[in-house]
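Here are my notes on this two-chain model, as you asked. I've numbered the points so you can reply to them one by one.

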Amino acid sequence: MRLEKALYDLGRRDRHPRVVDGLQNLDARALVAATAFFILTLLSFPKYAIVELIPPGLLLLILASLGDLSASRLALRSLPVLPFAALLGAANPLLDQEPYLIFSTTIAAGWVSYASLLLKSLLAAAAAAFLVEVAGFPGVCRALRGLGLPSLFVASLLFLRRNLSILLEEGLRLLRTRDQRSFGRHGRGIGVTSRILGVLFVRTLDRAERVHAAMLARGFTGDLPGNKPAGKPAASWLFPVLIAAILACLRLVPFTELIGGLFLGAPP
Amino acid sequence: MHMADALLSPAVGLSFWAGSATTLALCSRRLRDRLEDRALPFMGVLGAFIFTAQLFNFIIPGTGSSGHLGGGLLLAILLGPEAGFLVIASVLAVQAFLFADGGLVALGCNIWNLGFYPCFIAYPLVYKPLAGKGEGRGRNLLATLLAGVLGLQLGSISVVAETFLSGRVELPFATFALLMQPIHFAIGIVEGLVTAGIVVSVNALGPRSPAKGDGASQRPRPSLIPIVFLGAATILVALLLGSLASTLPDGLEWALEASSPRASGGTGPVPPAVGLGLSNRALAGSAALIGATILFDAVIKAARSWKARRS
């Protein structure tokens with residue numbers, strides 16, 4: 001069931017690319033550039049930044065809302081990035097004992113830098129998830145090629161993605177075959193499993209070669225055909241410029257302080 | 001061993017991106033004329049296998065930790081170092097884009113850590129001289145074991161160095177290295193054993209396998225030294241430029257410092273008794289912005305459902 005779900009999830013992203021109002025018309029290169037600006041700006045915030053990260057996070061949520069993407073979906077897709085960051089930052093609260101005042105309580109500043117680390121991890125991964133949801137994986141590959149990455153690397157990315165589906169399909173077939181021909185522990189030992197893996201490799205390679213031969217027969221030359229932008233070029237390049245300008249403002253201006261000052265009054 | 005974006009400073013992330021991109025470009029250029037037609041699907045299938053293998057973690061006895069295969073050495077042995085590097089880079093890119101495993105800025109570091117060391121250090125310097133032409137299972141096993149361990153040791157110390165240079169976590173260099181190296185020594189042994197087993201199986205495919213030592217055509221193989229030198233030099237130059245630039249605050253940092261209430265007289269929201277803190281104004285401002293975003297989202301959803309009902 002897990003394999004079937006993985007295969008379904010993998011295919012769904014290509015079968016049903018997100019229809020995003022306005023954004024789907026943009027050149028994927030513009031989306032990649034905007035995502036890169038977003039993540040680099042995020043990483044440039046100081047290590048104790050917490051409230052400063054909220055406006056960029058909200059910007060991402062607004063874009064997601066415009067694109068009919070749910071925040072929970074983006075958050076779920078971002079979770080795999082957390083364990084390594086959580087592990088490495090776990091020592092921050094112990095090693096950084098500088099006092100930090102929050103709600104009239106003083107805590108170790110390490111807790112704040114730890115929270116900031118996790119928040120940055122989530123937001124950066126959510127931005128990457130947003131990019132793939134909007135542009136689709138083939139769109140991202142096309143954008144990478146358009147931005148100058150080598151054709152062989154981009155072809156390798158696309159082949160890997162295609163062969164992953166083939167591998168999962170063949171793996172499912174072999175698992176069903178094994179289930180129908182085994183009972184209890186019989187037919188499920190390490191010897192059978194290693195032979196199944198060998199057969200899986202050969203069958204996947206067979207299908208991959210047939211797919212490649214069909215591509216060659218249809219004129220595939222090793223590069224993506226046509227790298228023309230999908231939408232209006234001016235609008236496409238306005239988007240990353242606009243996002244970069246907003247991000248620069250959010251990084252430069254203590255935005256939350258200013259808004260809060262409207263409610264609580266300016267500092268004396 | 002996948003780095004996450006938040007663990008890196010922009011300077012370190014971009015430096016390793018520059019090094020990995022340079023190495024990718026050099027590898028692609030070399031392979032363009034040398035790669036056989038049949039090698040592309042083989043590369044794709046091997047990449048898919050490595051991708052799947054990396055999803056399965058194995059327990060490392062006695063450490064309470066787990067690890068997964070790197071796959072760089074296996075790819076270098078079966079496809080040659082350049083094609084191996086290209087495939088491991090693709091695997092890591094698909095993981096970053098589709099599964100949020102590692103980040104987009106951290107992708108450069110991950111490609112370098114899991115691809116460069118096994119393909120351009122462990123394979124040519126340890127595996128090739130020890131394994132020779134592949135005769136003798138014992139010799140092959142020893143070569144893959146040593147190369148697997150070396151590749152992962154270099155990759156894990158590279159993770160420690162990148163984290164240390166970025167300064168985002170408080171772990172001291174020596175403590176972090178002492179935590180990372182022994183675990184990756186154990187993972188390296190498993191990687192070596194599994195790699196040896198798979199190499200024997202794939203070579204048993206005989207003439208079907210395009211993996212004949214170097215995976216490309218039988219023309220003499222050019223030296224790997226330019227790739228290693230240019231890749232490493234790009235990172236060093238980028239890091240040097242980054243460190244020179246960071247000795248002074250950049251424009252954004254300077255403006256932020258200048259505009260912060262603390263810098264302009266100490267009468268700001270942070271009490272003078274404590275150096276760091278959250279101001280009430282910042283919290284109120286954040287709450288207002290979050291409220292406004294929720295409202296915006298609700299309006300967009302309402303407009304969308306109204307539009308759907310009308311059509």
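1. Starting with chain B: take its contacts between residues at least 6 apart in sequence, and 74% of them join residues at least 24 apart. Bear in mind as you read on that this is a predicted model. Chain B has 311 residues, and 47% of them are buried. Its secondary structure comes to ten helices and three strands, in the order α-α-β-β-α-α-α-α-α-α-α-β-α along the sequence.

2. Now chain A. Here there are twelve helices and two strands, and the sequence order reads α-α-α-α-α-α-β-β-α-α-α-α-α-α. Of the 268 residues in chain A, 38% are buried. For contacts with a separation of 6 or more, residues 24 or more positions apart account for 78% in chain A.

3. How many residues does each chain bring to the contact? Chain A puts in 83 residues and chain B puts in 79. On the chain A side, helix 9 (residues 151-181) gives the largest share, with twelve residues. By character, the chain A residues that touch chain B split into 55 nonpolar, 17 polar and eleven charged.

4. There is strand pairing across the two chains as well, so to speak a second thing to look at. Strand 1 of chain A (residues 99-102) runs parallel to strand 3 of chain B (residues 276-277), and two bridges join them. If you want a spot to zoom in on, try Leu101(A), which stands opposite Gly277(B) in that strand of chain B.

5. Helix 10 of chain A (residues 190-217) deserves a check on its length. Does the span agree with or depart from what 28 residues should give at 1.5 Å a residue? It agrees: the expected span is 40 Å, and the C-alpha atoms at the two ends are 40 Å apart. Just after helix 10 of chain A, Gly219(A) has a positive phi of about 95°.

6. Which residues of helix 10 of chain A are buried? They are Phe201(A), Thr204(A), Leu205(A), Ala208(A) and His212(A). As for the spacing, an α-helix has 3.6 residues a turn, so residues three or four places apart point the same way. What these buried residues pack against comes from both chains: helix 9 of chain A, together with helix 2 (39-55) of chain B.

7. Leu216(A) also sits in helix 10 of chain A. Buried, exposed or in between? Leu216(A) has 13 other C-beta atoms within 10 Å, so it counts as partly exposed; a buried residue would need 20 or more, and an exposed one would have 12 or fewer. Leu216(A) and Ala248(A) are 32 residues apart along the chain, and their C-alpha atoms are separated by 46 Å.

8. Last, a helix pair within chain A. Helix 2 (residues 28-44) and helix 8 (residues 137-146) of chain A pack with their axes 8 Å apart, at an angle of about 85°. That angle makes helix 2 of chain A roughly perpendicular to helix 8 of chain A. From helix 2 of chain A come Ala28(A), Arg29(A), Leu31(A) and Val32(A), and they meet Gly139(A), Val140(A), Arg142(A), Ala143(A) and Gly146(A) of helix 8 of chain A. The residues of this contact divide into five nonpolar, two polar and two charged.

How values were computed: Residues are numbered from 1 along each chain as its sequence is written. Chains are lettered from A and ligands numbered from 1 in the order in which they are written. This is a predicted model: local features need pLDDT of at least 70, side-chain atom pairs count only at pLDDT 80 or more; totals for chains, interfaces and linings use all residues. Two residues are in contact if their C-beta atoms, placed from the backbone, lie within 7 Å. Helices (H or I, at least four residues) and strands (E, at least two) are DSSP runs, numbered from the N terminus. Ala, Val, Leu, Ile, Met, Phe, Trp, Tyr, Cys and Pro count as nonpolar, Asp, Glu, Lys and Arg as charged, and the others, Gly among them, as polar. Two strands pair if DSSP finds at least two bridges between them. The expected span of a helix is 1.5 Å times one less than its number of residues. Axes are lines fitted to C-alpha atoms, for helices over the stretch in contact, and angles run from 0 to 180 degrees between N-to-C directions. Angles under 35 degrees count as roughly parallel, over 145 as roughly antiparallel, 65 to 115 as roughly perpendicular and the rest as oblique.
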